[in-house]
Amino acid sequence: MLAVVGTAALLTGCPSQPAAVDDGIPNPERGRGKVIQYGCRACHVIPGIPGKETKIGPSLEGFSQRQTLAGNLENTDENVIRWIRNPRSINPRTAMPMLGVSEADARDITAFLRTLP
């Protein structure tokens with residue numbers, strides 16, 4: 001009986017590490033993973049994220065030193081989160097798509113963007 005239970009546990013894929021939990025605190029490492037998950041590199045050059053050279057969206061290098069984003073929006077965490085979640089509410093003519101980014105994911109992505117050299 002013990003062998004059956006052990007085999008069942010192996011087959012169900014017991015994780016070797018616990019899943020990352022969103023504790024509500026913005027996490028740049030989770031944000032890095034979300035940038036990859038949402039495919040941001042398809043349109044943006046992002047330091048530390050490998051991908052094909054692209055010219056669709058601006059490079060995100062030095063993002064935290066920028067005064068504005070999306071043309072004229074002050075570069076605050078709140079505005080970055082708004083932009084990531086619903087760019088067309090800020091600029092209806094933007095090429096940036098709505099990706100269905102959650103509030104928590106947008107917070108983490110913003111934290112990651114703040115780390116970019």
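Two people talk through a few residues of this predicted model.

Colleague: Let's start with threonine 110. Where does threonine 110 lie?

Modeller: In helix α5, which covers residues 103–113.

Colleague: Why does threonine 110 count as buried?

Modeller: Its relative accessibility is 2%. Buried means under 20%. So threonine 110 is buried.

Colleague: Which residues does threonine 110 touch, not counting those up to four places away in sequence?

Modeller: Asp77, Val80, Ile81 and Ile84. Each has a heavy atom within 4.5 Å of threonine 110.

Colleague: Now alanine 70. What makes alanine 70 partly exposed, rather than buried or exposed?

Modeller: The value is 32%. Buried would need under 20%, and exposed would need over 50%. Alanine 70 falls in between, so it is called partly exposed.

Colleague: Where is alanine 70 found?

Modeller: In the loop between β1 (68–69) and β2 (73–74). Its C-alpha atom is 9.8 Å from that of proline 58, and the two residues are 12 apart along the chain.

Colleague: On to the cysteines. How many disulfides does a search of the whole structure find?

Modeller: The search finds 0.

Colleague: How do you know that cysteine 40 has no such bond?

Modeller: Look at the sulfur atoms. The closest cysteine sulfur to that of cysteine 40 is in cysteine 43, at 8.5 Å. A disulfide needs the two sulfurs within 2.5 Å. So the pair is too far apart for a bond.

Colleague: And why is there no bond from the side of cysteine 43?

Modeller: The closest cysteine sulfur to that of cysteine 43 is in cysteine 40, again at 8.5 Å. That is too far for a bond.

Colleague: Which of the terms buried and partly exposed fits cysteine 40, and which fits cysteine 43?

Modeller: Cysteine 40 has a relative accessible area of 18%. The cut-off for buried is under 20%, so cysteine 40 is buried. Cysteine 43 has 25%, so cysteine 43 is partly exposed.

Colleague: Last, arginine 41. Where is arginine 41 found?

Modeller: In the loop between α2 (28–37) and β1.

Colleague: Arginine 41 is buried, so why is it said to have no salt bridge?

Modeller: The nearest side chain of opposite charge is glutamate 53, 4.8 Å away. A salt bridge needs a side-chain nitrogen within 4 Å of a carboxyl oxygen. So arginine 41 has no salt bridge.

Colleague: Which backbone oxygen does the side chain of arginine 41 reach at 3.4 Å?

Modeller: That of histidine 44. The backbone oxygen of glycine 51 also lies 3.1 Å from a polar atom of the arginine 41 side chain. The cut-off for a polar contact is 3.5 Å.

Methods
Residues are numbered from 1 along each chain as its sequence is written. This is a predicted model: local features need pLDDT of at least 70, side-chain atom pairs count only at pLDDT 80 or more; totals for chains, interfaces and linings use all residues. Side-chain values use heavy atoms; hydrogens and water are left out. Helices (H or I, at least four residues) and strands (E, at least two) are DSSP runs, numbered from the N terminus. Buried means under 20% relative accessible area, exposed over 50%, partly exposed in between (1.4 Å probe, protein chains only). Lys and Arg count as positive and Asp and Glu as negative; His and the chain ends are not counted. A polar contact is a pair of N or O atoms within 3.5 Å; within protein, one must be able to donate a hydrogen and the other to accept it, and residues adjacent in sequence count only if both atoms are side-chain atoms.
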